[in-house]
Structures are given as C-alpha cells and as structure tokens.
Amino acid sequence: MTTWATVTLLLATLTVGLMAGIFAAFALSVMRGLARTSDATFVEVMRRINVEIINPWFVFCFLGGAIFTLLALFFTVRGYPAGAPERGSLGWIIAGLVLYGLSLGVTFLVNVPLNGALAAADPADPTAARTAFEKRWVQFNVVRTVTAVASFACLAWALHAAGA
C-alpha cells in the first residue's frame, strides 16, 4: 500500500476500534450497572455522561473513524490501478465504511435525540424520564456496538489483505 493508504487505514482501524470499545463498554457494563440504580441516580448519571463525553478525544475518534476510513478508501483507489493486488483491501474498507456509517446513523438518529430528550426532561419526574429513555437507548446502543465491532473487524482484515 502507499504510505497514505496505510496510515489512513491504520488510523481508521484504531479510531473505529476505540469507538467500538466505548459502545461495548456501555453495553457490557455501564448500562448494566446503571440498570440497578434508582431512577434519580440513573437520570443524573446519564445526563452527566452525555455532557462529559463530548470532549476532543471522543470527537476525534467518533468523527475520525468515518473521516479516516473515507481517506483510506480514497488513497487505496487513487494509489493503485484496478486489478492491482494491493486493491485486495478495497472491499473490506468499503464494508467497514458502510458498517461504521450505520453505527453513526443509529447514534445521530436514535441515541443523540434520546440524550437530548433526557436532558430536557422534567427533573421532578426521573421515573418518566428514565422510562422514556432507557430501553430504547440500550437497544440501539447494542445495534451500534455490533455495527462498530463489525466495522473494526473489516478494517482490521483490510490491513491484513493489504499486507500492511
């Protein structure tokens, strides 16, 4: 692979992998732990998490996964003619991009609006806020976890297929 194709594919794999890990951590531990708390504690903790998670490192990984995967696709297509063995990673990069795109889509269409609704919910009624939030957020977090992990696997295999 060209240096740019290799570097961007490596960065794509790392950032998508970090996001898959964050989503998985929520699915496997954070939400399970919060499920055993009071409604008021659940709502307060999720509100604080939703504020704190928007930080430069999270944004770099979250958006970087898509940007670096697009760049890896671009540099792979640009760097090698059709039929070149180095293009063996192309299908895996595309699959990784589509899967990570699905993960982003779920985040923007479901999880972020639920976070906004939780932030705006009446603080005097944490039970109603939790009821409107928890089940749907957890279900769609599992969806984005699975798609992000699958994307990471595709990108990791793309590195292998490219011989990087």
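**Close-up 1. The left-handed crossing of helices α2 and α4.** In this predicted model, helix α2 crosses helix α4 in a left-handed sense. Two packed helices are described by the angle between their axes and the distance between the axes. Here α2 (residues 39-52) and α4 (residues 90-120) pack at about 125°, and their axes are 10 Å apart. That angle makes α2 oblique to α4, because an angle from 115 to 145 degrees is neither roughly perpendicular nor roughly antiparallel.

**Close-up 2. The residues where α2 meets α4.** Which residues of α2 and α4 meet? From α2 come Val43, Met46, Arg47 and Asn50, and from α4 come Asn115, Leu118 and Ala119. Sorted by character, the residues of this contact are four nonpolar, two polar and one charged.

**Close-up 3. An edge-to-face tryptophan pair.** A pair of aromatic rings is described by the distance of the centres and the angle of the planes. The structure holds 10 aromatic pairs, and one of them joins tryptophan 92 and tryptophan 157. Their rings are 6.4 Å centre to centre, with 70° between the planes, and the pair is edge-to-face. Tryptophan 92 belongs to helix α4 and tryptophan 157 to helix α5 (residues 126-162), so the pair ties together parts that are 65 residues apart in sequence. Are these two rings buried or exposed? Tryptophan 92 is partly exposed, at a relative accessible area of 37%, and tryptophan 157 is also partly exposed, at 43%.

**Close-up 4. A stacked pair within helix α5.** For phenylalanine 133 and tryptophan 137, the ring centres are 5.8 Å apart and the planes lie at 25°, so this pair is stacked. Phenylalanine 133 and tryptophan 137 are four residues apart in helix α5, which means about one helical turn separates them. Both phenylalanine 133 and tryptophan 137 are buried. Stepping back a little, ring pairs link Phe133 and Trp137 with Phe26 and Phe42 into a cluster.

**Close-up 5. Threonine 69 and its surroundings.** Let us finish with threonine 69, a residue of helix α3 (residues 56-79). How is threonine 69 placed, buried or exposed? With a relative accessible area of 1%, threonine 69 is buried, because the cut-off for buried is under 20%. Leaving aside residues up to four places away in sequence, threonine 69 touches Ala12, Val16, Gly64, Ile93, Leu97 and Leu155.

Notes. Residues numbered from 1 in each chain as written. Predicted model: local features only at pLDDT ≥ 70, side-chain atom pairs only at ≥ 80, totals over all residues. Heavy atoms only, no water. Axes fitted to C-alpha atoms, helices over the stretch in contact; angles between N-to-C directions. Helix = DSSP H or I, 4+ residues; strand = E, 2+ residues; numbered from the N terminus. Parallel < 35°, antiparallel > 145°, perpendicular 65-115°, else oblique. Left-handed = near helix turned anticlockwise from the far one by under 90°. Contact = heavy atoms within 4.5 Å. Nonpolar A, V, L, I, M, F, W, Y, C, P; charged D, E, K, R; others polar. Phe/Tyr/Trp six-rings, centres within 6.5 Å; stacked < 30°, edge-to-face > 60°. Buried < 20%, exposed > 50% of the residue type's maximum accessible area, 1.4 Å probe, protein only.
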